[in-house]
Amino acid sequence: QVELKESGGGWVQPGGSLRLSCAASGRTANSFRGDDMAWFRQAPGAEREFVAATRGGGGTSYADSLKGRFSISRDNAKNTVFLQMNSLNPEDTAVYYCAASRGQLILSQLRVQNEYEYWGQGTQVTVSS
């Protein structure tokens, strides 16, 4: 059973930075290495949207509007994926979810929520002054 646990959320002022972490349990390091991992977010009153993804086989994908401010990375030895968020603004306020797929997704699938079998509980990020 794969479990995902997000951490690192909180309150930050506009212009600030946060680094989210997502630890995956129930997977060996070798298995995790091949998993596609992603971050999605859901703002109040809005639908959940794609933020960024990293493929097990290499490569990353970002929401066009977030490219340049957000960066996704992974530490396969620790079964962990990270989301570095810079220059945050109030529009980034949302619950951020980590998701995992063992399906070896192609690039176009990385942004599709239904392609991910496992989800974390989410971590709240609030950007305000």
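Arg 41, Glu 49, Arg 69 and Asp 92 are joined in a network of salt bridges. The model is predicted. In total, the structure holds six salt bridges. Three of these pairs are described below, followed by two residues with unusual backbone angles.

**The salt-bridge network**

- Within the network, the side chains of Glu 49 and Arg 41 meet in a salt bridge, at 2.6 Å from N to O.
- Arg 41 is buried because its relative accessible area is 8%, and buried means under 20%.
- Glu 49 has a relative accessibility of 36%, so this residue counts as partly exposed.
- This bridge therefore pairs a buried arginine with a partly exposed glutamate.
- Asp 92 forms a salt bridge with Arg 69, and their closest N and O atoms are 2.8 Å apart.
- The Asp 92 and Arg 69 pair links distant parts of the chain, with the two positions 23 residues apart in numbering.
- Asp 92 sits in the loop between strand S8 (80-85) and strand S9 (94-101).
- Arg 69 sits in the loop between strand S6 (60-62) and strand S7 (70-75).
- Asp 92 has a relative accessible area of 1%, so this residue is buried.

**The Arg 27 and Asp 35 pair**

- A salt bridge also joins the side chains of Arg 27 and Asp 35, at 2.7 Å from N to O.
- Arg 27 counts as buried at 19% relative accessibility, because the cut-off is under 20%.
- Asp 35 is buried too, with a relative accessible area of 5%.
- Both partners of this bridge are therefore buried.

**Positive phi outside glycine**

- Asn 79 has a positive phi of about 50°, although this residue is not a glycine.
- The loop between S7 and S8 holds Asn 79.
- Asn 79 is buried, with a relative accessible area of 8%.
- Ser 87 is not a glycine either, and its phi is positive, near 50°.
- Ser 87 lies in the loop between S8 and S9, the loop that also holds Asp 92.
- Ser 87 counts as partly exposed, at 43% relative accessibility.
- In that loop, then, Asp 92 is buried, whereas Ser 87 is partly exposed.

Notes
Residues are numbered from 1 along each chain as its sequence is written. This is a predicted model: local features need pLDDT of at least 70, side-chain atom pairs count only at pLDDT 80 or more; totals for chains, interfaces and linings use all residues. Side-chain values use heavy atoms; hydrogens and water are left out. A salt bridge is a side-chain nitrogen of Lys or Arg within 4 Å of a carboxyl oxygen of Asp or Glu. Buried means under 20% relative accessible area, exposed over 50%, partly exposed in between (1.4 Å probe, protein chains only). Helices (H or I, at least four residues) and strands (E, at least two) are DSSP runs, numbered from the N terminus.
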